[in-house]
Amino acid sequence: MPEPRPGPTQLDPSRRGVLSVALFSVALAVPEWPDVVGRMEAAQKGTRTRIGMSDVHTVSAMTEQLSSMDDQFGGRTARPLAAAFLVNTVAPLLRTPGPEEARRAMMSAASDLCYLTGYMAVDEGLHGLAQRYYLKALELAGASEDHLTYCTTLRGMSVQAVDLGQGPIAKRLADAAAASSPQAGPRMRAFLAGQQAHAAAQIGDRRSALMYLQEAEVAMDKAESRGRVFGSYDPASLNYHTSQVRFEMGDVHGAVAAMQESDRLRYGIYRRTRVKERAILAERQLAVGHLEAACRTWGLALEDYPLVDSGRIDKRMTDMFNLIRPHARNHDAQALYERARAVVRPELVPV
């Protein structure tokens, strides 16, 4: 995974204009664009002469819709739509001249969409592709001086790394994300500190992990006192990070309790996250010897599984089959196994 690049605050003001133009063109090199940009440019020729803020709003609104689809149906469903939108709409808009304000805002909107598409690729298990999208998101965010997307992308790269067991890289990226947003509000600070805590715990830095986790908790209390915000880092997310930190530090019972609280607090719209984290909860319940509870939790995950197309969740389902096989004589485990065989994708079911 590449080293973090300098944040927007570190750009030399005298170079921003040149850099902006250069990266505006570089943006067209996002995965799978080069072979279609020419065709799309020809198809769009003469239909658009200048871009305006209305075009930016269109891209931003579509990104929100794609994000909602990803939350509900998973990356395999949403990413092809996001990639098509990048090719068919955003690429031609990035080639179209317009006022500097609109051009900069379009780069920022494209950065957000590249980050989201990278996040979807992670959900599919396409990690190399995800990194290429993330790098383009960083370039566009830096050029447009979009602090929010810049540090969010670095954090997303840290999440990818920690999930792959690359703790040192995850910690470096999480710290870079925090350093790129020195004036973050309390909710953003909780969002960043929670990931710092998880990455620190994975590398065995107990002191830092607990310090960052406490920082996230304090920031979340401040954020919640100002009013809950739907669709952003919330108490369910913080409890997820608490569970991850406790698990990394060997407190599996504490990890189970925190993940249960996360599940209780999570908004219903986040179906993909619900399925994934219930599968994680079941694994940890089994690890502390609670077989029947684990089977019940896996059963809840299976209720939503047919509606979600996600590589990460499929991996969890494969793990489930392997974990319950030694308990085949248990009635609950046997019932779960048979139910899963009827629900899970056929290629994942053991022969």
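**Helix packing and two buried residues**

Helix 7, residues 147-163, packs with helix 8, residues 167-179, at an angle of about 165°, and their axes lie 8 Å apart. Because that angle is over 145 degrees, helix 7 counts as roughly antiparallel to helix 8. I should state at the outset that this is a predicted model.

The crossing of helix 7 past helix 8 is left-handed. Which residues of helix 7 and helix 8 meet? From helix 7 come Cys151, Leu154, Arg155, Met157, Ser158, Ala161 and Val162, and they meet Ile169, Ala170, Leu173, Ala174, Ala176 and Ala177 of helix 8. Sorted by character, the residues of this contact are eleven nonpolar, one polar and one charged.

I turn now to Ala199, which is found in helix 9, residues 186-202. Ala199 has a relative accessible area of 0% and is therefore buried. Setting aside residues up to four places away in sequence, Ala199 touches Val162, Gly167, Ala170 and Lys171. Two of these names, Val162 and Ala170, also appeared in the contact of helix 7 with helix 8. In addition, 8.3 Å separates the C-alpha atom of Ala199 from that of Val245, a residue 46 residues apart from Ala199 along the chain.

The last residue I wish to present is Thr297, located in helix 14, residues 291-304. Is Thr297 buried or exposed? Its relative accessibility is 8%, so Thr297 counts as buried. Apart from neighbours within four places in sequence, Thr297 is in contact with Arg278, Leu281, Ala282 and Gln285. With Gln285, the side chain of Thr297 forms a side-chain polar contact of 2.7 Å.

Methods. Residues are numbered from 1 along each chain as its sequence is written. This is a predicted model: local features need pLDDT of at least 70, side-chain atom pairs count only at pLDDT 80 or more; totals for chains, interfaces and linings use all residues. Side-chain values use heavy atoms; hydrogens and water are left out. Axes are lines fitted to C-alpha atoms, for helices over the stretch in contact, and angles run from 0 to 180 degrees between N-to-C directions. Helices (H or I, at least four residues) and strands (E, at least two) are DSSP runs, numbered from the N terminus. Angles under 35 degrees count as roughly parallel, over 145 as roughly antiparallel, 65 to 115 as roughly perpendicular and the rest as oblique. A crossing is left-handed if the near helix is turned anticlockwise from the far one by less than a right angle, and right-handed if clockwise. Contact means heavy atoms within 4.5 Å. Ala, Val, Leu, Ile, Met, Phe, Trp, Tyr, Cys and Pro count as nonpolar, Asp, Glu, Lys and Arg as charged, and the others, Gly among them, as polar. Buried means under 20% relative accessible area, exposed over 50%, partly exposed in between (1.4 Å probe, protein chains only). A polar contact is a pair of N or O atoms within 3.5 Å; within protein, one must be able to donate a hydrogen and the other to accept it, and residues adjacent in sequence count only if both atoms are side-chain atoms.
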